[in-house]
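Visitor: Please show me the model, and let me ask on what grounds its features get their names.

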Amino acid sequence: MTALILLAVLLLAVVLVLWLVGAGITNFVEAVFDQAGGAFARRGRRRASFTTSLRAADVRAAVSEAAAMLPGARVGAEPAVGRQVVLLPSGGGVVISVAMSGDGLTRVRLNPDGPEVQDDALARFHGCMLAALRARDPQSLSR
Amino acid sequence: MPGASAEVVLSRVAVGLSGALATHGWQYVRSRAAQDLGGAADGFLAGMDRHREVISSLPYGERVSAADELAPSIRAELELLDQEHGEAIAPGLRSLSAFLQSREPATGGTGRVAPRGYSADDGRRLPRVERDVNQGISAEIRADGKSVAAACRRAAETLGSHARVGVGAAGVRVEILPGMVQALSRVSPVVFISMQAVADGRLRVETRVEGWVTSQSTMFGIIPVGPKTLVGRGHYLRFLSALETELGALDPGAGAVRRRGPGFDAGRGPL
């Protein structure tokens, strides 16, 4: 009987120690995940992608209209064929690349240009860009 | 019940009662309504009980949207009740309205995880799940309710079949289904997007997470290992980003759309 009680107490102690170790690991992993999770959420918000039936020339015009909607923003020099840059008032810019997708639609991707670009300014430009695309093609979608 | 405030009281009671129909707290709310409204509302409450029976028979994930859709008809019934009984029922309606408003959670709701010694107010680190569900969007834009509802629908469509949208009188409810098979998926989180008219034809849009589920790995089935995570977190963050863009597109010139929550409010510069 005494042996059984001792065994139960021992088992309980082992479970308790493992539970405490588990809780310690939890706290450590949580801190690591917090960092990674925050970075993931930010990265997702800094990029945008739209699909539209507009041709590349119309998308270029829509980019200029979107820049005009955001006070202080302006279209910069084209860094490469098929790409445009919009310089944001808070610093940095957005690179807009246009590509045809397999379904015949045009895919417009917006990526931040430079680490100094503010997330809020980017998000606001994404809204302006979608509005400019919808003004020409109401079926344009955010993806 | 005369005056413009009567409209607000009736709407608030209708939305509060319809919201309570889908919750475990219905009997408590019902007894409070019976107490405030008295015998004049017996027929009305019997009708609400029938609504409750129908909603209880629905799958769990569909109850909230079904209850929300009842709000306009409940409001119409309340208007009739108000016309029939006038001043006799007005104080009860006001009292019930105040009670229902006090039940509305400021943030979060069912499924809220234990605070574990962290606080949102004093700036200490929040558990990861709390940080996630406290993220949201606040916007003030020049647009009508229909356009905002359509924007919410389009933002939810970016998740494909992983989102279910219900448009009600008080706002839009988006239920995220993160599982691979939607029929078997848990619903987490449930996001409510409220709309409120403010001055100059502008609309204030706020999102809040109403309910959520957490998951956590365990060793030997009992020892927790790793952080608790929000089920549907990735889908929820994608939805918020899409909604931010959609709302921004509704009023690109003058609208103010802000992402809020831990990590988003600190160090914000002017737009």
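Guide: What follows is a set of questions on strands, helices and empty spaces in this predicted model.

Visitor: What makes strand 4 and strand 5 of chain A a pair?

Guide: Two strands pair if DSSP finds at least two bridges between them. Strand 4 (residues 93-100) and strand 5 of chain A have eight bridges, in the antiparallel sense, so they meet the definition. Met100(A) stands opposite Thr106(A) in strand 5 of chain A. The two strands form a hairpin with five residues between them. In the turn, Gly104(A) has a positive phi of about 85°.

Visitor: How do you know that strand 1 of chain A is joined to strand 5 of chain A?

Guide: By the same test: at least two bridges are needed, and five join these antiparallel strands; therefore they count as paired. Thr51(A) stands opposite Arg107(A), and Ala48(A) stands opposite Leu110(A).

Visitor: Why are strand 2 and strand 6 of chain A called edge strands?

Guide: The open sheet of chain A has six strands in the order 2-3-4-5-1-6, with antiparallel pairing. Strand 2 (74-75) and strand 6 (141-142) each pair on one side only, which makes them the edges.

Visitor: Which helix lies across this sheet's strand 3?

Guide: Helix 2 (residues 56-69) of chain A does, running at about 5° to strand 3 (83-87). Helix 2 of chain A also lies across strands 1, 2, 4 and 5 of chain A.

Visitor: What is the strand order of the open sheet in chain B, and which strands are its edges?

Guide: The six strands of chain B come in the order 2-3-4-5-1-8, again with antiparallel pairing. The edges are strand 2 (163-167) and strand 8 (256-260), each of which pairs on one side only. On average, neighbouring strands of this sheet are turned by 15° against each other, direction ignored. Strand 4 (residues 190-197) and strand 5 (residues 203-211) of chain B are joined by eight bridges and run antiparallel. Ile193(B) stands opposite Thr207(B) in strand 5 of chain B.

Visitor: How do helix 8 and helix 9 of chain B run relative to the strands they lie across?

Guide: Angles run from 0 to 180 degrees between N-to-C directions. Helix 8 of chain B runs at about 170° to strand 2 of chain B, so the two directions are nearly opposed. Helix 9 of chain B runs at about 10° to strand 1 of chain B, so here the directions nearly agree. Among the strands helix 9 of chain B lies across is strand 8.

Visitor: How do the two helices cross, and what makes the contact?

Guide: The axes of helix 8 (residues 145-157) and helix 9 of chain B come within 8 Å and cross at roughly 145°. The crossing is right-handed. From helix 8 of chain B the contact includes Ser147(B), Val148(B) and Ala151(B); from helix 9 of chain B it includes Phe239(B), Ala242(B) and Leu243(B). By class, the residues of this contact are ten nonpolar, one polar and two charged.

Visitor: Why is the space lined by Ala123(A) and Gly248(B) called a cavity?

Guide: A cavity is a set of points where a 1.4 Å probe fits but cannot get out, whereas a pocket is an open set. The structure holds three cavities of 30 Å³ or more, and the largest has about 120 Å³ of space. Twelve residues line the largest cavity; Ala123(A), Arg124(A), Gly248(B), Gly255(B) and Val257(B) lie nearest its centre. Helix 3 of chain A gives the most to this lining, with three residues. The lining has five nonpolar, two polar and five charged residues.

Visitor: What lines the second largest pocket?

Guide: The second largest pocket has a volume of about 470 Å³. Its lining has 24 residues, of which Gly44(A), Arg47(A), Arg143(A), Arg238(B) and Ser241(B) lie nearest the centre. Elements that give two or more residues include helix 1 (2-46) and strand 1 (48-52) of chain A, and helix 9 (233-250) of chain B. Helix 9 of chain B gives the most, with seven residues.

Visitor: What makes eight of the lining residues charged?

Guide: Asp, Glu, Lys and Arg count as charged, and eight residues of the lining of the second largest pocket fall in that class, beside seven nonpolar and nine polar. Arg47(A), Arg143(A) and Arg238(B) are in this lining, so they are among the charged residues.

Key: Residues numbered from 1 in each chain as written. Chains lettered and ligands numbered in written order. Predicted model: local features only at pLDDT ≥ 70, side-chain atom pairs only at ≥ 80, totals over all residues. Heavy atoms only, no water. 1 Å grid on protein atoms, 1.4 Å probe; cavity = no way out; pocket = protein on both sides within 12 Å on 5 of 7 lines; lining within 4 Å. Points joined across faces, edges and corners; volume = space filled by probe spheres on them. Helix = DSSP H or I, 4+ residues; strand = E, 2+ residues; numbered from the N terminus. Left-handed = near helix turned anticlockwise from the far one by under 90°. Contact = heavy atoms within 4.5 Å.
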